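Subject: Structure handover

Hello,

Here is the structure I promised to pass on. Please open it alongside this note.

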Amino acid sequence: MPIRCEIVSQDRMIFEGDVDTVVLPGAEGEMGILPRHAPLLTTLKFGVIKVRSKGKEEVFTVSGGVAEVQPDIVTILADAAENVEEIDVARAEAARERAEKYLAEGPPPDSDAYLKMEAALRRSRLRLDAVRRYRGIGGPRTTLSPTTEDEE
Ligand code: ATP
């Protein structure tokens, strides 16, 4: 029996489907969700969501948000989320450079602009890091044992 998974952000639907497992970066750490999981609500840290279905895994970056788990559905409301296969690397690099340059100029650390740029830097680093670690690993993974999945 699968569990439904929906990942949405303010501007779009990022993923919907019936899947076998969902791994989330929950407030208390990484959480694995299987069908018939007990209901819960959690905030999400910056990190990756791994959705596995029929031996195929898809990985999404998530820049915070909330997840609601019910026994038959996981609903993720992300502040921003992207499938790692769809991340525009040039765009993320440009965002990182823009933020690094701005922060290097020494703006007041408690100003709104500083906090916004710091958050933009974290999002760009998350996207670039996830592309490096996870891009191209989707698809049937019959040659990999499950224990290799979370290695650095
Ligand atoms: P940028 O400065 O490049 O817009 P950002 O971090 O400010 O980056 P967000 O506000 O987090 O962008 O996201 C706006 C929308 O653009 C969201 O739908 C997000 O998923 C998407 N997005 C942001 N950066 C990328 C990227 N590098 N590749 C693909 N989609 C992206």
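A pocket here is found on a 1 Å grid over the protein atoms alone: an open set of points, where a 1.4 Å probe fits, with protein on both sides within 12 Å along at least five of seven lines. A molecule sits in a pocket if more than half of its atoms lie within 2 Å of its grid points. The space taken by the ligand is the largest pocket.

Some ground rules. This is a predicted model, where local features need pLDDT of at least 70, side-chain atom pairs count only at pLDDT 80 or more, and totals for chains, interfaces and linings use all residues. Residues are numbered from 1 along each chain as its sequence is written, and side-chain values use heavy atoms, without hydrogens and water.

Now the ligand. It is surrounded by 13 residues (a heavy atom within 4 Å). Asp11, Glu82, Asp88, Arg98 and Arg123 are the closest.

Polar contacts are pairs of N or O atoms within 3.5 Å. Glu82 has a polar side-chain atom 2.6 Å from a ligand oxygen. For Asp11, the distance from a side-chain N or O atom to a ligand oxygen is 2.8 Å.

Where does the ligand lie? Domain 1 (3-84) and domain 2 (87-151) both give residues to its shell, so the ligand lies between them. The domain bounds come from an automatic or database assignment.

Best wishes

Terms used
Polar contact = N/O pair within 3.5 Å; in protein donor to acceptor, adjacent residues only side chain to side chain. 1 Å grid on protein atoms, 1.4 Å probe; cavity = no way out; pocket = protein on both sides within 12 Å on 5 of 7 lines; lining within 4 Å.
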